[in-house]
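Hi,

Here is the structure I promised to pass on to you. Have a look at it first, and then read my notes below.

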Amino acid sequence: MADQSTAPVTRGNSGLSSLAFTLSTSLPGISSAAIEGGELVVRADRDRLTPLMMLLRDDRRFRFEQLMDLCGVDFPQRAERFDVVYNLLSVSLNQRVRVIVTTDELTPVASVHQIWPCATWWERECYDMYGVLFSGQPDLRRILSDYGFEGHPLRKDFPLTGYTEVRYDPERRQIVREPVTLTQDFRDFDFVSPWEGVLTLPGDERAHELRQIMKKIQ
């Protein structure tokens with residue numbers, strides 16, 4: 001039989017509502033705490049993020065030991081266009097909370113890598129994809145895009161098409177930017193048959209005839 005003093009506590013909507021009330025009334029740095037879509041969402045002041053996160057991790061009422069992930073959301077129409085979202089898990093109390101702070105393109109958010117070391121990977125990804133800056137992060141490098149990449153791909157105003165590519169040139173020993181080239185030397189495109197490059201199939205005789213005509217024209 002499980003020890004009742006250490007068994008995980010399962011919280012329903014009433015438990016989440018109680019936790020939301022506790023967070024919104026007793027912790028500094030929280031502007032709102034409410035149930036959204038069945039999940040507890042806390043909106044916090046950017047300048048009070050570090051002490052708030054330490055309290056959420058260390059206070060025995062909350063015990064959010066794990067940072068499950070960190071991500072960004074872009075709202076270009078806002079002055080502070082980015083939401084930085086932290087999803088925390090308490091294994092001890094079987095509860096989750098989502099903490100959200102906002103920022104713009106120039107104002108850094110305090111890094112939480114000293115509270116949860118895994119945050120370095122998430123903060124690097126958020127910087128790479130959105131351009132969000134994290135103060136106190138000693139390894140704020142791109143993590144997914146290539147060396148010399150310009151811009152941040154998950155911003156909603158990022159262009160969806162382009163005509164240049166970035167690559168490392170071993171002969172010049174540097175990153176070069178050049179027009180995109182698509183090499184298709186050994187491909188013979190067949191735009192008639194749905195089975196590109198396949199011999200004539202039963203029932204596909206008409207396509208075969210058209211291929212022969214096109215070859216004669218060429």
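Let's start with F82, which is buried, with a relative accessible area of 0%. Keep in mind as you read that this is a predicted model. F82 has a partner: together with Y130 it makes an edge-to-face aromatic pair, with 6.3 Å from centre to centre and 75 degrees between the planes. If those two numbers look odd to you, a pair of aromatic rings is described by the distance of the centres and the angle of the planes. The planes of this pair are over 60 degrees apart, so it counts as edge-to-face. Y130 counts as buried too, at 12% relative accessibility.

Why does this pair tie together separate parts of the chain? F82 lies in strand β4 (residues 82-90) and Y130 in helix α3 (residues 119-130), so the two rings connect parts that are 48 residues apart in sequence.

The count of aromatic pairs comes to two. The other pair is F149 with F158: their ring centres are 6.0 Å apart and their planes are at 25 degrees, so this pair is stacked. F149 is partly exposed, with a relative accessible area of 28%, and F158 counts as partly exposed as well, at 24%.

Rings also turn up with charges over them. The charged end of R124 sits over the ring of W121, 5.9 Å from its centre. For K156, the charged end sits over the ring of F75, and here the distance to the centre is 5.5 Å.

Back to strand β4 for a moment, since D83 lies there as well. Is D83 buried or exposed? At 7% relative accessibility, D83 counts as buried. Its side chain is joined to that of R78 by a polar contact of 2.8 Å.

Now for the salt bridges. Side chains of opposite charge can pair when their charged atoms come close. How many salt bridges does the count come to? There are 16 salt bridges, and here are a few to find on your screen:

- E36 and R43 meet through their side chains at 3.4 Å, N to O. E36 is partly exposed, with a relative accessible area of 34%, and R43 is partly exposed at 31%.
- R142 and D128 form a salt bridge at 2.6 Å, N to O. This pair links distant parts of the chain, with R142 in the loop between β7 (134-135) and β8 and D128 in helix α3, 14 residues apart. R142 is partly exposed, with a relative accessible area of 22%, whereas D128 is buried at 0%.
- R177 and E150 meet at 3.5 Å, N to O. R177 lies in strand β9 and E150 in the loop between β7 and β8, so this salt bridge ties together parts that are 27 residues apart in sequence. R177 counts as partly exposed at 42% relative accessibility, while E150 counts as exposed at 56%.

Some salt bridges share partners, and in this way D74, R81, E105, R155 and D157 are joined into one network.

Next, try helix α2 (residues 49-58). Which of its residues are buried? They are L49, L52, M53 and L56. These four cover an arc of only 95 degrees around the axis, which puts them on the same side of α2. The spacing helps to make sense of this: an α-helix has 3.6 residues a turn, so residues three or four places apart point the same way.

Then there is a hairpin to look at. Strand β8 (residues 164-169) and strand β9 (residues 174-179) run antiparallel and are joined by six bridges. D169 stands opposite Q174 in β9. The hairpin has four residues between the strands, and R173 takes a positive phi near 60 degrees there. R177, which you met among the salt bridges, also lies in β9.

Finally, the whole picture. The protein has four helices and nine strands. From the N terminus on, the elements run α-β-β-α-β-β-β-β-α-β-β-β-α. Of the 218 residues of the protein, 33% count as buried; F82, Y130, D83 and D128 are among the buried ones.

When you open the model, you could begin with F82 and Y130 in their edge-to-face pair, then move on to the hairpin of β8 and β9.

Cheers

How values were computed:
Residues are numbered from 1 along each chain as its sequence is written. This is a predicted model: local features need pLDDT of at least 70, side-chain atom pairs count only at pLDDT 80 or more; totals for chains, interfaces and linings use all residues. Side-chain values use heavy atoms; hydrogens and water are left out. Rings of Phe, Tyr and Trp (its six-membered ring) pair if their centres lie within 6.5 Å; planes under 30 degrees apart count as stacked, over 60 as edge-to-face and the rest as tilted. Helices (H or I, at least four residues) and strands (E, at least two) are DSSP runs, numbered from the N terminus. Buried means under 20% relative accessible area, exposed over 50%, partly exposed in between (1.4 Å probe, protein chains only). A charge sits over a ring if NZ of Lys or CZ of Arg is within 6 Å of the ring centre and within 35 degrees of the ring normal. The arc is that of the directions from the helix axis to the C-beta atoms. Two strands pair if DSSP finds at least two bridges between them. A salt bridge is a side-chain nitrogen of Lys or Arg within 4 Å of a carboxyl oxygen of Asp or Glu. A polar contact is a pair of N or O atoms within 3.5 Å; within protein, one must be able to donate a hydrogen and the other to accept it, and residues adjacent in sequence count only if both atoms are side-chain atoms.
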